[in-house]
Amino acid sequence: MIYKQHYIELFVNGERLELESQKSLNMRFNRTIYDPTRISSTQAEYSFSFDIPSTPNNDRIFDYANNLSKVNKFNKRWNAEVYADGKLIFNGTLTLNSYKDKHYNVNLVSVKIFSLDEIFGDAVLADIPWYKPFDGASSINYYNEFNDKEVCFPLVSYGAFQKDPKTRDEVRNEYTSKFVLDKYNKWWIESFYPSLNMLQTIKKAFEWKGYNVGGNVFSDPYLKEVFMSTNLSSEQQPVYNLGNPRLGSIELTTTYTTPENRTPYEQELKFPYFEVWNGRGQFGGGLANDKTVQAWNYQNVYISDLLASGATSTSDSYLYDPNEKCIVIPADGFYKIDMTISTQLNTTGNLTFGQNVITNNGSGNDIEVKDVTMAVGLNEVTPVEIQLVRNYEDNIELIKGKNNKKYVNGNPSQSTNYNGTSNVVEWLTCFPHQDPYNSQLPTKKNDLTVSNSGQYRGHGNFAGSSVDNPNTDNQSGGGSTEGGSRSGSGGNTGLGGRRRGASSTSSRNYTSNDYGYVYNGNDLMAYDQAVSPAFICGFSSMGGGCPAVMKNGYSWSKSVADKNGSFYNQSGYNKLIGSNGTIVQSATTFNANEYNEAPATSFSCSNNRMTGSLSCMVYLYKNDILELFEVHRGLNTALGTPVHYSTTTSVNLKVTAASPKSYDYLKSQDYGYNSPSQFDVDLRLSNFLNDETTISSFIDGVQKAFNLSIIQDGKNVWIDKAMNIAAQKGNYAIEFDNRVNSDEAEALAIDYPKSMSVQYKINTDEWGFEKSVQPPSMMNEPDWEKYGDSGYTVIVLNDDTYVTATSDVSIPFSYTWYDNFTWYEVDSAGTQDDATEETLRIPVISNYSYMIDGYDYEESMKHDGYSLTQRLWFRPKKVNFVYVMLASMPKESIQIYIPSNSLEIGGNKLNLSYKTNENSLLSYFNFIPYISSNYVKVNAHITPDEWNMLKNGALIHFDSSLYIPSEINGYDPTNSNETEITMLAKVN
C-alpha cells in the first residue's frame with residue numbers, strides 16, 4: 001500500500017527554520033496517552049533528537065548558538081510548532097542538545113510550562129496580592145448570599161468556640177457544652193474566617209506573575225465550587241483591612257461623675273509617694289511598738305472605669321467591645337491616639353484623712369497614723385489622673401510628673417517642723433520615669449536598676465536646701481544633711497561624684513552637679529515602661545500636673561528590656577545642673593521626639609479643674625485590651641474608713657490603626673498625624689493563606705488531588721482535567737483493520753501494581769478522625785486507626801504476594817470531618833429562645849482533646865486548628881433562619897452558611913472523597929483498571945489528522961474490537977515510516 005508523504009514545516013518563535021531535506025529530517029514523536037498501571041493520567045509528548053542545519057537564518061533564530069563562546073545556549077527554551085501539510089501536529093518547546101559539524105541537535109517536548117518553581121520561585125501563598133472590599137458583617141452576608149466565586153465565610157469549628165462561663169466561682173468557671181451554640185457564645189467577624197475558592201487561588205497566583213489563565217476546569221460544575229479551609233502557619237496572625245474606619249478606628253465620648261459614697265476598686269502602688277522617713281528611729285534607738293522607720297502617705301489609688309460608665313461611639317466600629325467596655329486591638333502596629341479631657345473637682349471645703357507622721361511633732365522615734373484636716377485640691381490633697389492603659393493587671397502607677405514634695409515629719413498640715421525648720425521639701429525629678437542622677441528619690445527604688453549598676457543614695461534630706469529643691473526660680477539657701485555628709489564619703493551621699501556602691505571600673509562617671517533631666521514647663525512627659533508596661537497615655541493633676549505618653553525606645557532602667565515605639569511631640573528635656581547651691585535648667589535634645597503634623601499638646605490645671613488634649617502614635621499588639629481609667633488618691637481615716645472625693649470627668653478618645661510598619665520606616669518616610677493609614681483599605685484575602693506554603697507546592701498538590709494538567713504557552717496558562725480515557729464511552733474510532741493484519745499484532749501482559757489509591761493526609765489525633773472510628777470499641781485496639789474514615793479506598797488489583805509495588809497518590813489535603821452542634825436563637829439583647837433548637841452539621845478542625853466536653857474549656861479556647869492540614873469542601877449552603885449576633889459594636893447578625901463534602905447537580909452527586917463505594921473524585925482519575933485486558937502492539941502508518949485524533953482520545957477499531965490507545969512510539973510526521981502503537985482492549 002502506498003502512503004502519502006507529508007510536507008513538514010518547523011517554526012521556532014514564530015519563524016520557519018530551514019530544513020536540510022524532508023527525507024533526512026528523521027523527526028519522530030512519542031506520546032503516552034493512557035497508562036493503566038497508574039491512577040494519575042500521564043499524557044507526555046516528546047520527540048527523539050534530530051538535526052537542524054546551521055544556516056544564517058537558523059543561526060539568527062537560535063541567537064547564534066553556533067558561536068562556541070555563547071553562554072546559556074543549552075538552557076534556553078524556544079516555542080516550537082510543527083505543521084504537516086499545513087496542519088498543526090505539535091505545539092511545545094524546542095531545546096538544543098549539542099552543536100557539531102555545522103548541525104544543531106534538538107529535541108521537542110510538548111509540556112511547555114516552565115516548572116512551577118521557575119515561575120513562582122520561593123513565593124508563598126500569602127504573597128499573592130488578592131483584595132476584596134470588606135465592611136464586616138454586611139460583607140460576610142453579601143458574599144455568602146450572592147455566591148461570590150472567590151470567597152465565602154462559612155461557620156467552621158476550628159476548635160472550641162469562644163464562650164463566657166455559665167457560672168463563676170473561686171474554684172472554677174462552668175461552661176455549657178462545646179457542641180451547643182447558645183447565649184454564652186461570643187461571636188466576632190473573626191469567628192468567620194474567609195474560605196477561598198481553590199481554582200481562583202491558583203488563577204490569582206498565575207495572574208500575579210503576568211499570565212492569562214483558562215482551561216476546562218473553570219467550567220467544570222463541581223471543581224469550580226471547591227473552597228478551602230483557612231490554613232495558617234503556627235505563628236501567623238491574619239490582619240483585616242484596618243484602613244477601613246469601620247474595622248480600624250473608634251471614637252468614644254464619656255462623662256462620669258464619681259460619687260463620694262462609692263465603693264471603688266482599690267489598688268496598691270508599687271511606686272508610692274509622700275515619703276515619711278524617721279532617721280531617729282533608725283539610728284537613735286527606741287522603735288517602740290515595733291514601728292517602721294519608713295512610710296508613705298500616697299500608697300493606694302481608687303480606680304474608676306470611665307468606659308463602663310456609658311461611653312458612646314460617634315460611629316460604628318468593630319474595635320470596641322460594648323460588653324467588656326474596652327477597645328480590643330486587632331493587629332500589631334502603630335495606632336494614632338487623640339485624647340481630650342476635662343475634669344472638675346466637685347468636692348469643696350476640707351477633708352479629714354489619716355497620714356503617717358513621726359511622733360512628738362517629728363522628734364519621736366516612731367511613726368503613727370494621725371488624722372489631719374486639709375483643704376481639697378487637685379494639685380496634692382485630692383489629685384486625679386486620667387490614664388489609657390493596656391492589659392490592666394493591678395499595675396497602674398502614677399504619672400505624677402516632675403514636681404515632688406515631702407513633709408519632714410509626715411504631717412502635710414504643718415509648715416514647720418518641731419525645731420522650727422521648714423517641714424516642706426520640694427524638688428524636681430522625673431524619677432522613676434527617668435534616671436535621678438544625684439537627685440533624691442521621691443518614691444521607692446523597688447527593682448529598678450540604674451544604668452551603671454550603682455545604688456541610689458539613701459533617705460538623707462537636704463532640709464531647706466535648694467540643691468534638693470531644684471526649680472525654675474534658682475532659689476538658694478543653706479541646710480544640712482540628715483544622716484549623711486555632703487562629701488559623699490560617708491553616710492548617705494550628698495553631692496558625691498559617684499553613686500554609693502558603684503565601682504570605678506563598672507560605673508558610668510557623672511559629676512556632682514548632675515541632677516537628671518526634666519521636661520520643660522507643662523510639656524509632655526515620657527512615661528517609662530519600667531514603671532508600668534500598662535500605661536499608654538494620660539494626664540495627671542499632681543504638683544500642677546502634666547500630660548504623658550509611653551516613652552519611645554528602651555527604658556532608662558536595666559530592669560526592663562522592652563522597647564516601645566511611640567511618636568509624640570517633645571522638643572527635649574532640660575538638664576538640671578547644680579552650681580553653688582542653685583539649680584540651673586539647660587535645654588537639650590534628650591528624650592526629643594516628633595509626631596509630624598500633630599496638634600500641639602495643651603494642658604491646664606488649677607486646684608479644682610484640669611483640662612488637656614494630646615495626640616500620639618504608639619505601637620500596640622494584637623489582642624491588647626485598652627481601658628480608660630480615672631485614678632483617685634486612696635485616702636482613709638486613721639481608723640481605716642475610706643475617704644472619697646467627687647470629680648466629673650469628660651473624655652473624648654479616638655484610636656485609629658495607622659501602620660504595620662516599623663518605627664524607623666515611618667520615621668524615614670516622615671509619616672505623621674495627617675498621613676493615611678498604611679493598613680489595607682480592602683481585605684487582603686491572601687492574609688488568610690499560609691505564609692510558609694510555597695505557591696508551587698500548593699498548585700502541585702491541587703494537580704495531584706484532581707488529576708489536572710497545566711500547559712503554558714507564552715503568557716497563557718491552560719488548566720485542564722487530564723483525560724480519563726478508561727472511563728470514556730462512545731468516542732470516535734479510527735479504523736485499523738484496513739492497514740494492519742491481526743497476525744502481525746503482538747499481545748502483551750499488563751503488569752498491574754498491587755493496588756491503587758489517592759490518599760488524603762490524615763492526622764489520626766484529630767477530633768474528626770477519632771470520632772469516625774467504627775465501632776467505637778475498636779479505639780482500644782492496637783490497630784484502631786484502620787477503623788477510622790480516612791476519606792479514601794485502597795483499590796487492590798493484584799493478589800500475588802510477589803507484587804509489592806503500588807500506584808498511590810498522596811495529596812497535601814485532609815479529609816473533612818463534621819459533627820453535630822445544637823443551635824439556639826439568641827437576639828441582640830442576649831435573650832435565648834430554647835424553642836428554636838436546630839442541629840447543625842459543622843466541619844471540625846481540631847485536635848481531639850480540645851473538643852472533649854470534659855476538657856478544660858478555658859484551656860481549649862487557647863488552641864485553634866488553623867495550622868492543621870488544609871481541608872476542601874463545596875460552597876457553603878444557607879441554613880434558613882439560623883444566625884448569630886456579634887458581640888462587638890454595632891449589634892449585627894450573621895446568617896449561617898455551612899459547607900459540605902458533597903454537591904448534587906442535576907441529580908448527580910459528587911463527594912469530596914476517593915472512595916469506591918460512592919461517586920467520588922476518583923471519577924477524575926484512571927480508577928477503573930482493565931484487569932482482564934492486555935496490551936496489543938501494532939505498527940501502522942497514521943496521518944497527521946489521525947495523530948491529532950489519537951492524542952485527543954479517539955479509540956482504535958481493530959480485529960472487530962475497540963481498543964484504547966496507550967502509547968504511540970516513533971510517529972513520523974512525514975509518514976515515511978510506520979508508527980508503533982500500544983493499546984488495550986476496551987472492556988464494557
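Colleague: What makes glutamate 859 and lysine 862 a salt bridge?

Modeller: In this predicted model, the closest N and O atoms of glutamate 859 and lysine 862 are 3.8 Å apart, and a side-chain nitrogen of Lys has to be within 4 Å of a carboxyl oxygen of Glu, so the pair qualifies as a salt bridge.

Colleague: Why is lysine 862 called exposed, and why is glutamate 859 called partly exposed?

Modeller: Lysine 862 has a relative accessible area of 64%, and exposed means over 50%, so the label follows. Glutamate 859 has a relative accessible area of 27%, which lies between the 20% limit for buried and the 50% limit for exposed, and therefore glutamate 859 is partly exposed.

Colleague: How do you know that arginine 871 and glutamate 766 form a salt bridge, and what makes each of the two residues buried or exposed?

Modeller: Their closest N and O atoms are 2.0 Å apart, which is within 4 Å, so the salt bridge is assigned. The pair links parts of the chain 105 residues apart, with arginine 871 in the loop between helix 10 (857-860) and strand 52 (872-885) and glutamate 766 in the loop between strand 47 (755-759) and helix 9 (767-772). Arginine 871 has a relative accessible area of 0% and glutamate 766 one of 1%; buried means under 20%, so both residues are buried.

Colleague: Why is the pair of tyrosine 335 and phenylalanine 679 called tilted?

Modeller: The structure has 52 aromatic pairs by the ring-centre rule. In this one the ring centres are 6.3 Å apart, within the 6.5 Å limit, and the planes stand at 40°, which is neither under 30 nor over 60 degrees, so the pair is tilted. Tyrosine 335 lies in strand 21 (residues 333-345) and phenylalanine 679 in the loop between helix 7 (663-668) and strand 42 (683-684), 344 residues apart.

Colleague: What makes the pair of tyrosine 573 and phenylalanine 590 edge-to-face?

Modeller: The planes of tyrosine 573 and phenylalanine 590 are at 70°, which is over 60, and their centres are 6.2 Å apart, within 6.5 Å, so the pair is edge-to-face. Tyrosine 573 is buried at 1% relative accessibility, whereas phenylalanine 590, at 28%, counts as partly exposed.

Colleague: How do you know that the charged end of arginine 633 sits over the ring of tyrosine 298?

Modeller: The charged end of arginine 633 is 5.2 Å from the centre of the tyrosine 298 ring, and the distance part of the rule asks for CZ of Arg within 6 Å, so that part is satisfied.

Conventions. Residues numbered from 1 in each chain as written. Predicted model: local features only at pLDDT ≥ 70, side-chain atom pairs only at ≥ 80, totals over all residues. Heavy atoms only, no water. Phe/Tyr/Trp six-rings, centres within 6.5 Å; stacked < 30°, edge-to-face > 60°. Helix = DSSP H or I, 4+ residues; strand = E, 2+ residues; numbered from the N terminus. Buried < 20%, exposed > 50% of the residue type's maximum accessible area, 1.4 Å probe, protein only. Lys NZ or Arg CZ within 6 Å of the ring centre and 35° of its normal.
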